[in-house]
Amino acid sequence: MSILVFGHKNPDTDSVSSAIAFSYLNNKLGQNTEATVLGNISKETKYVLDYFKIEEPRLINNVKIQLEDLELEKVEGVKEDTSILSAFKLMEDGQIKVLPILDSKQHLKGVVTMKDIAMALIKSDGYKLSTTLNSIANDLKGNILVKAQENIEGNIKIASLYHETLQGILTSDDIIITGDRYDVFEEAIKLKVKLIIVTGGVEVPEEYLKSAKENGVSVISVGIDTFTSAKLINQCNNISSIMNTNIIKFSTHEYLEDVKEKIEQTNIRSFPVIDCDNVFLGFVSRSHIISPQRKKVMLVDHNEYEQSAEGLKEAEIIEVVDHHKIGNISTSMPISFRNMPVGSTCTIIYTMFKQANIEIPHGIAGVLISGIISDTLLFKSPTTTDIDKDAVENLNKILKLDLEKYAMDMFKSGTSLEGYSIEEIFYRDFKQFEIEGQKIGVGQVFTLDIDDVFNRKDKFLEFIDKTHEESGYYITLLVITDILKEGSYILYKSSKTNLIQKAFNADEEQGVFIPGLVSRKKQVVPNITEALNH
């Protein structure tokens with residue numbers, strides 16, 4: 001099972017690029033990882049991936065434990081025409097509690113337990129048989145002397161009386177068990193019964209075998225006596241005759257938390273697991289609930305539960321690489337946690353490539369440089385460090401880009417808001433924080449088209465008010481950053497008056513422009529924290 005590598009919800013270019021590059025690095029170091037995303041990628045990120053011909057990472061909804069994550073109990077199934085006796089021996093030898101019955105394509109048809117076999121033999125009248133000639137011969141360790149037909153179905157009769165006594169009792173639908181009673185043999189052949197089982201290893205004269213063949217009567221010779229043959233014969237029936245088809249089964253994509261409730265409500269030990277095509281994969285049991293195998297994940301560009309995948313507490317976090325403040329994620333075991341005060345997670349991952357002495361290919365260099373340019377606004381953000389600038393300079397030795405032109409083309413492709421709904425714009429880069437015990441929601445949009453936002457200002461404010469009330473935020477902000485003017489406009493809803501004025505030294509009015517405000521991490525969140533403290 002691959003280790004999943006992903007950034008935060010509402011992924012931006014730095015988040016997606018760092019997941020792709022970090023997954024590549026770890027795979028080069030011998031790990032088995034897969035870059036994924038927790039939401040739809042932005043136009044800017046799509047531009048980057050298309051430009052450098054990088055495949056878009058797989059979208060995942062959550063990291064909850066699914067049945068496909070578990071090491072299911074593997075049991076080799078049997079076909080429907082397997083005899084009850086063969087199935088019993090297989091279960092006894094392998095100490096198998098539940099035996100799956102499968103067709104030729106491994107589709108699950110039913111299951112059988114030892115209890116099913118025992119109850120079937122107790123309740124059976126013992127006088128019906130439906131199986132194949134080869135199955136009977138194998139189960140009774142006999143030899144087929146005459147094979148008139150493969151499929152055998154009829155009534156079982158033990159013929160130990162004088163043949164004249166049997167007249168009117170035997171029919172053509174019968175399966176006869178007899179010893180060295182050749183008079184019975186002749187009578188059975190004359191009636192054209194389905195099968196004669198000759199017990200005790202008796203040698204059957206050739207004339208009788210010839211007659212049986214001419215009359216379409218199959219003959220099997222067995223070494224065991226008549227009593228033992230009679231006791232075992234009904235166990236030669238197909239296992240399908242007693243299999244349980246009314247079973248609780250689960251799909252491999254179901255979540256363990258959903259399955260757990262169903263399992264705990266029954267006293268059944270094991271439940272079959274199938275894929276979407278009804279192919280049997282194995283059994284899930286109560287032991288899987290006690291100690292389940294969890295998804296393994298690596299986090300980039302975030303380290304808070306609210307910003308991460310649903311079900312993260314069910315997963316095993318292997319590593320974290322981030323450039324934000326330390327959040328609330330915790331682990332039960334020590335992990336590798338790398339956090340640096342730089343402008344982009346991609347900068348950190350670039351340094352990890354250099355430290356591991358792993359060559360950076362053109363495409364990976366492309367996503368790394370794009371992540372740094374995006375998060376630092378081409379070094380205009382106050383989060384920018386010399387480490388970011390050095391990383392871009394060295395990466396561009398591989399790429400040889402016109403940085404100004406590439407950055408502007410990337411920003412233009414990503415900042416157009418045409419076709420986006422109010423909700424999509426608000427949540428395209430949204431993060432939730434807990435500051436001084438208060439829940440804060442901050443969305444940020446980078447755009448070159450400010451008019452498009454302000455033409456819908458009233459609708460944005462209605463949406464912010466609604467989100468504020470429904471989510472229970474103390475303050476809800478939409479920061480609209482003008483890349484060219486290097487500042488941001490703010491639309492907001494606050495539970496505390498004068499908070500915007502205190503935080504940003506600005507007028508308390510919707511859409512106020514704050515020069516130089518471009519970083520949520522280094523400016524917006526710290527300023528709000530400071531304002532809440534006073």
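# Questions on pairing, packing and crossing

Q: How many bridges join E9 to strand E10 (residues 174-178), and what makes the two count as a pair?
A: In this predicted model, four bridges join E9 to E10, and the two strands run parallel. Pairing requires at least two bridges, so E9 and E10 count as a pair. One position in this pairing is Lys 157, which stands opposite Ile 176 in E10.

Q: How do you know that strand E7 (residues 128-132) also pairs with strand E9 (residues 151-158), and in which direction do they run?
A: Five bridges join E7 to E9. The requirement is at least two, so E7 and E9 pair. They run antiparallel. Lys 128 has Asn 155 of E9 as its bridge partner.

Q: Why are H1 and H13 called roughly antiparallel?
A: Helix H1 (residues 13-28) and helix H13 (residues 362-376) pack at an angle of about 150°. Angles over 145 degrees count as roughly antiparallel, so the term applies to H1 and H13. Their axes are 8 Å apart, and the crossing is left-handed. On the H1 side the contact is made by Thr 13, Asp 14, Ser 17, Ile 20, Ala 21 and Tyr 24. On the H13 side it is made by Ile 364, Val 367, Leu 368, Ser 370, Gly 371, Ser 374 and Asp 375. These residues divide into six nonpolar, five polar and two charged.

Q: Why are H2 and H15 described by the word oblique?
A: The angle between helix H2 (residues 43-51) and helix H15 (residues 403-415) is about 130°. That value is not under 35, not over 145 and not in the range 65 to 115, so the pair falls in the remaining class, oblique. The axes of H2 and H15 are 7 Å apart. H2 passes H15 in a right-handed crossing. H2 contributes Lys 43, Glu 44, Tyr 47, Val 48 and Tyr 51 to the contact, and H15 contributes Tyr 406, Asp 409, Met 410, Phe 411, Ser 413 and Gly 414. Six of the contact residues are nonpolar, two are polar and three are charged.

Q: How do H12 and H13 cross, and which class of angle does that give?
A: H12 and H13 cross at roughly 140°, and their axes come within 8 Å. Roughly antiparallel needs an angle over 145 degrees, so H12 and H13 are oblique. The contact is made by Cys 346, Thr 347, Ile 349, Tyr 350 and Phe 353 of H12 with Ile 364, Val 367, Leu 368, Gly 371 and Ile 372 of H13. Its residues divide into eight nonpolar, two polar and no charged.

Q: What makes strand E3 (58-59) and strand E18 (336-339) edge strands?
A: The open sheet of six strands has the order E3-E2-E1-E16-E17-E18, with parallel pairing. E3 and E18 each pair on one side only. Within this sheet, three bridges join strand E1 (residues 3-6) to strand E16 (residues 296-300). At least two are needed, so E1 and E16 pair. Val 5 has Met 298 of E16 as its bridge partner.

Q: Which strands does H1 touch when it packs on the sheet?
A: H1 touches E1, strand E2 (33-37), E16 and strand E17 (316-322), and its direction makes about 175° with that of E2. Helix H12 (residues 345-356) also packs on this sheet, touching E16, E17 and E18, at about 105° to the direction of E17.

Q: Why is one side of strand E19 (430-435) and of strand E23 (512-515) left without a neighbour?
A: The strands of this open sheet of five follow the order E19-E20-E21-E22-E23, with mixed pairing. E19 and E23 stand at the edges with a single partner strand each, so one side of each has no neighbour in the sheet. The twist averages 30° from one strand to the next.

Q: How do you know that strand E21 (residues 475-482) and strand E22 (residues 487-494) pair?
A: Eight bridges join E21 to E22, against a requirement of at least two, so E21 and E22 pair. The two strands run antiparallel, and Thr 481 stands opposite Ser 488 in E22.

Q: Where does helix H20 (residues 520-532) lie?
A: H20 lies across E19, strand E20 (438-447) and E21, running at about 35° to E19.

Methods: Residues are numbered from 1 along each chain as its sequence is written. This is a predicted model: local features need pLDDT of at least 70, side-chain atom pairs count only at pLDDT 80 or more; totals for chains, interfaces and linings use all residues. Side-chain values use heavy atoms; hydrogens and water are left out. Axes are lines fitted to C-alpha atoms, for helices over the stretch in contact, and angles run from 0 to 180 degrees between N-to-C directions. A crossing is left-handed if the near helix is turned anticlockwise from the far one by less than a right angle, and right-handed if clockwise. Contact means heavy atoms within 4.5 Å. Ala, Val, Leu, Ile, Met, Phe, Trp, Tyr, Cys and Pro count as nonpolar, Asp, Glu, Lys and Arg as charged, and the others, Gly among them, as polar.
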